Protein chains: 2
Amino acid sequence: MTTKPPGVGTPGKGRTVRLSRYLPFLDWLLHYHSQDLAGDLMAGAIVAIMLVPQGMAYALLAGLPAQVGLYASILPLTLYALLGTSRALAVGPVAMVSLLVATGVGQLAQPNTPEYLVLALALALLVGVIQTMMGLVRLGFLVNFLSHAVISGFTSAAALVIGVSQLKHLLGIRIPLTESFFELLSAIAQQLPATNLVTLGIGLGSITILFYFNRRLGRLLRRRGGVAPSLIVPITRSGPLLIVLVSTLLVWGLGLAEIADVKIVGEIPAGLPPVTLPAFNWTLWRQLMPTALVISFVGFMESIAVAKSLASKRRQKIDANQELIGLGVANLGAAFTGGYPVTGGFSRSVVNFTAGANTGLASIITALLIAVTIIFLTPLFYFLPQAALASIIIVAVSSLVDVATLKHMWRYDKSDAASLLVTFVAVLATGIETGIVVGIVTALVLYLWRTSRPHIAVVGRVGDSEHFRNVLRHQVTTYPHVMAIRVDESLYFANAKYLEDYILGAVADHPDVSRLVIICSAINFIDASALETLESLIDELKDSGVTLYLAEVKGPVMDQLRKVGFVRKLGEDRIFLSTHQAMRALSGQ
Amino acid sequence: MTTKPPGVGTPGKGRTVRLSRYLPFLDWLLHYHSQDLAGDLMAGAIVAIMLVPQGMAYALLAGLPAQVGLYASILPLTLYALLGTSRALAVGPVAMVSLLVATGVGQLAQPNTPEYLVLALALALLVGVIQTMMGLVRLGFLVNFLSHAVISGFTSAAALVIGVSQLKHLLGIRIPLTESFFELLSAIAQQLPATNLVTLGIGLGSITILFYFNRRLGRLLRRRGGVAPSLIVPITRSGPLLIVLVSTLLVWGLGLAEIADVKIVGEIPAGLPPVTLPAFNWTLWRQLMPTALVISFVGFMESIAVAKSLASKRRQKIDANQELIGLGVANLGAAFTGGYPVTGGFSRSVVNFTAGANTGLASIITALLIAVTIIFLTPLFYFLPQAALASIIIVAVSSLVDVATLKHMWRYDKSDAASLLVTFVAVLATGIETGIVVGIVTALVLYLWRTSRPHIAVVGRVGDSEHFRNVLRHQVTTYPHVMAIRVDESLYFANAKYLEDYILGAVADHPDVSRLVIICSAINFIDASALETLESLIDELKDSGVTLYLAEVKGPVMDQLRKVGFVRKLGEDRIFLSTHQAMRALSGQ
């Protein structure tokens, strides 16, 4: 019986193209179930509770006024809900992208100036255009070239940079703008004596409370009982809101801004986001392009990782290219409504999912609540101390410093561990953008290095079977005049000479050998350089009195070898279907 | 019976380290056979006959006075003969390196000025240091990353650039210095009306004679008979010398330099090379470094290719790292004796070999003859027309433009052909140095692209055998509930998601399948990113009611999977030694 294979090489090909592929919200909106509403409402409300303080905090981290973080949390969320393929992804300002905005735009303008704001809007526009274009021309696969090791090293280092960048708010000190992590550390160390102790107290108190909410409170409530289980997530996630309320009341009530010089957020203009027209300026765009590219990639990478992991829990599908379009349009939305670059955030998305978000409606509810906040509630944030916002950021990024992955990789594969460490150090030493490029290049170079020195095994017969295994690992039978070697890599320019040296060395060390079989089961292609090396190898071996044979050549490779006459040159009878057949024919047994 | 494998992974390891490894000339000098002398003398003389005009011509190509080419043909040859591992390699000025000197130094100084000469010496010093260091730290393998396609594209384009750069001498016109090949072409076209017809006549006549000597004369002499076969090579190779003599006599006898304004070489100072101290100047070195790196690589690549091909004809060994040391010290020799960067030349080495060079003595004889020439014979070259030298260069490089390789690669592998073409175009469009970097990067990116989209085959049983082959290529038997797929590539970050998508798509398309076997015979390693993908794949398949199995996992891969607990997670009984065993157990037959 013979069956057809699945759509080889083009997964998903041939499925009907439906309108909902381009407008994914039709999938949930047209079949909206009333029982989904409760989850969507609850999740939308909880995410809004997290997003109000986080949005303001991340905007400050990006060097922007607090309200910009809220502006970026209304239209972008709604647009993603309509065009994205994840139903639980919570889009908006996130720490990593905010840091990239700060370093990228910070090179071109002073934070908290009108020019800076113009640049942030232009950056959102560029990110939007890049991501949308990449999605339209289906470049989503490019994110695959970011290895897990590079992502892990990058995330840990960026979290460290973000955390340290907030120390000045926590300590209430002034630090000049610096490019380098180590300069920042030394500047903080110098300013330590100038610490504002009241500010530090607010900050440390906030951090303690936040950690308590995150790590302890849930377990305590569950153990104690008496609280409805459905309320536990909302309660534990309201830590930041509580911090905002308590610290604001404290500063207002005790007049700390005046008597202790505690830095506060100050006036936030009320009202819906303004309609903004980002600058269409070629020179500006060229300067912002490197940052825009990094934000487009890093933002997409962070977003797709969490979207995929959440979707697989409910057996939903994520389309990487449609995700790029969803995020790109969300960023365009940010650019035209006074925001700054956004993406899908890790922790808020997990909360959204856990709290019961069933459809994109949850995000639309979040956006509505943020809009209500910015219209009516901004005066409440006047006395909000910046140290409280810094503590929210520090706690949020602290969980991103990931030592476990490094340990795991160190045990599993030193090469992965090396690219993780190189990325980590490069981000700290040379900055976020150069660092990630260094990491990607390192991972690729290590991969090339590995494939340039392939594993080659001399094999022998396992018992009386038709199987041949490495003589170093298994008790196997070999023959004095025939050597069979298995090359565990495709042959290409970077490893062809290595193979040639190995084989000539092996033949020189074994004068008895007169027949050499290369087992090609792991050779998936042979490029033109390697083909040339093989051709000269035939002659070189012949000069040494050794005849070359091939076994287990794969179909596509065989086709290619036949096309250029290599099979004719070698001799059709010197290529065997299996190692077993080759050894039976050549060993004379 | 069990045998030991050859020195696995480290060819040559464990051989006795002898003095002659570091001083390769001891190998031939200590056992010099008198019967080798005739060949060495003949080859040394013929190469000298070629090298006198070529050395002067290449020096002019490099923007240097003619005698510099001769200076670079004395001490460097002798040093290479002592330290190099090839016995037939003819070191000295070559066209490609001369062009690199012209473009690299030409950016920093005007040709034929004292500053230019200082820079050329410093460049030889840098190249010498770089190559020697690379050899000492054993970086010779780096040259393997230059694919045959890139070398071919680069060589053809460089030959074209060199040829076109000589047109001005052939036409007797003045062309402003330009960086770009296309600017050069248009400048020549503009100046065409100013062609000096007498100069052009000398040039075209020389080219005709040279082609006749190269292509026809040997065949003619062999067919006619009457000439001792051992004299045919010397005769055919003396074309350039004849050109030099005849054209000089013509210009001198007819007074063409005065009456027809034919450009001549002019006065060449007589006497041995001066002892020169290259500039030790850090700023200068930094400016020359990119050029020095490219010359070090390209020179080494050209040299090792011809050295290897000649050595294999006599079953001699070339040690790449010792070659780097030999060439490096030769360049240091050039730097201290008024020369400029040298390397092993292709055509002169082939002539040296064909004419019977048995040992390095041949090169030492060449050097002696060049020394005699420069002491006594330089006045003879006063009236030598530059057009004659240009014609020698043009004929020498014309054979380097290689369309056959492109055709061959186009048939064999489009990806190789693409990197050849990209390199070719990049060298013409962006210059030699950028072009070769573009080429190398293109070849690596195409390789990564290929490995990121691996060939995946659904396989079935061939007849009643234990072999399983692609269902699309062979008439094979499959089972309805078990799908076996073979992945033809190691799994790493760039292709892990591709595999995941493929498998999930395949399972979705075949609802009957409840058992999926991944055949790992071509998987040579699994990196940490791919491991994570595999782990999530187990869960995703489980959710779809499909159990994952592995077969033919290689020893090293199995060790790694065991180390991190993957084998325990999957279940030891879900990994089979062979596909045959897996299918027998799972198909229930």
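In this predicted model, A:Val482 sits opposite A:Arg515 of S6(A), and this pairing is a convenient place to enter the sheet of chain A. The two strands involved, S5 (residues 482-487) of chain A and S6(A), run parallel and are joined by 5 bridges. Between them the chain passes through helix H23 (residues 493-509) of chain A, and the resulting β-α-β crossover from S5(A) to S6(A) is right-handed.

Strand S6 (residues 515-519) of chain A is mostly covered, with 5 of its 5 residues buried. Its side chains alternate: A:Arg515, A:Val517 and A:Ile519 point one way, while A:Leu516 and A:Ile518 point the other way, and all are buried. On to the next strand, S6(A) is joined to S7 (residues 547-551) of chain A by 5 bridges, again in a parallel arrangement. Within this pair, A:Ile519 has A:Ala551 of S7(A) as its bridge partner. Helix H24 (residues 528-543) of chain A completes a right-handed β-α-β unit with S6(A) and S7(A).

Chain B offers a view of the sheet as a whole. Here 6 strands make an open sheet of mixed pairing, in the order S4-S3-S5-S6-S7-S8. Strand S4 (468-470) and strand S8 (575-576) of chain B stand at the edges; each has a single partner strand, so one side of each is left without a neighbour in the sheet. For S8(B), strand S7 (residues 547-551) of chain B runs parallel to S8(B) and is joined to it by 2 bridges, with B:Leu550 and B:Ile575 as bridge partners.

Further into the strand order, S5 (residues 482-487) of chain B has 6 of its 6 residues buried, so this strand is largely enclosed by the rest of the structure. From S5(B), B:Val482, B:Ala484 and B:Arg486 point one way, and B:Met483, B:Ile485 and B:Val487 the other way; all are buried. The pairing of S5(B) with strand S3 (residues 456-461) of chain B is antiparallel and extends over 4 bridges, whereas S5(B) and strand S6 (residues 515-519) of chain B run parallel and are joined by 5 bridges. B:Ile485 takes part in both pairings: B:Val458 stands opposite B:Ile485, and B:Ile485 in turn stands opposite B:Ile518 in S6(B). With H23(B), the strands S5(B) and S6(B) make a right-handed β-α-β unit.

Stepping back to the chain level, chain A contains 27 helices and 8 strands. Its C-alpha trace spans about 100 × 60 × 60 Å along the principal axes. Of the 589 residues in chain A, 52% are buried. Among contacts in chain A with a separation of 6 or more, residues 24 or more positions apart account for 80%. The domain assignment of chain A gives domain 1 (19-396 + 403-444) and domain 2 (456-587), and the C-alpha centres of these two domains of chain A lie 55 Å apart.

In soluble globular proteins, nonpolar side chains tend to be buried together. The largest nonpolar core here has 392 residues, of which A:Leu123 and B:Leu123 touch the most other members. Beyond its neighbours within four places in sequence, A:Leu123 is in contact with A:Val101, A:Gly104, A:Val105, A:Leu288, A:Thr291, A:Ala292, A:Tyr340 and A:Pro341.

The two chains also meet in a contact that takes 72 residues from chain B and 72 residues from chain A. On the side of chain B that touches chain A, the elements giving two or more residues are helix H8 (148-165), helix H20 (403-412), helix H22 (432-452), helix H23 (493-509), helix H24 (528-543) and helix H25 (555-563) of chain B. The largest share of this side, 8 residues, comes from H23(B). By class, the side of chain B that touches chain A has 29 nonpolar, 25 polar and 18 charged residues.

Two residues deserve a closer look for their backbone angles. A:Asn112 has a positive phi of about 60° although it is not a glycine. This residue, A:Asn112, is found in the loop between helix H6 (95-106) and helix H7 (114-136) of chain A, where A:Asn112 is exposed, with 11 other C-beta atoms within 10 Å. B:Glu552, also a residue other than glycine, has a positive phi near 55°. B:Glu552 lies in the loop between S7 and H25 of chain B, and with 24 C-beta neighbours inside 10 Å, B:Glu552 counts as buried.

Conventions
Residues numbered from 1 in each chain as written. Chains lettered and ligands numbered in written order. Predicted model: local features only at pLDDT ≥ 70, side-chain atom pairs only at ≥ 80, totals over all residues. Contact = placed C-beta atoms within 7 Å. Nonpolar A, V, L, I, M, F, W, Y, C, P; charged D, E, K, R; others polar. Domains from an automatic or database assignment. Buried ≥ 20, exposed ≤ 12 C-beta atoms within 10 Å, placed from the backbone. Pairing = 2+ DSSP bridges. Right-handed = clockwise from strand over helix to strand, strands pointing away. Core = buried A, V, L, I, M, F, W, Y, C linked by C-beta atoms within 7 Å.
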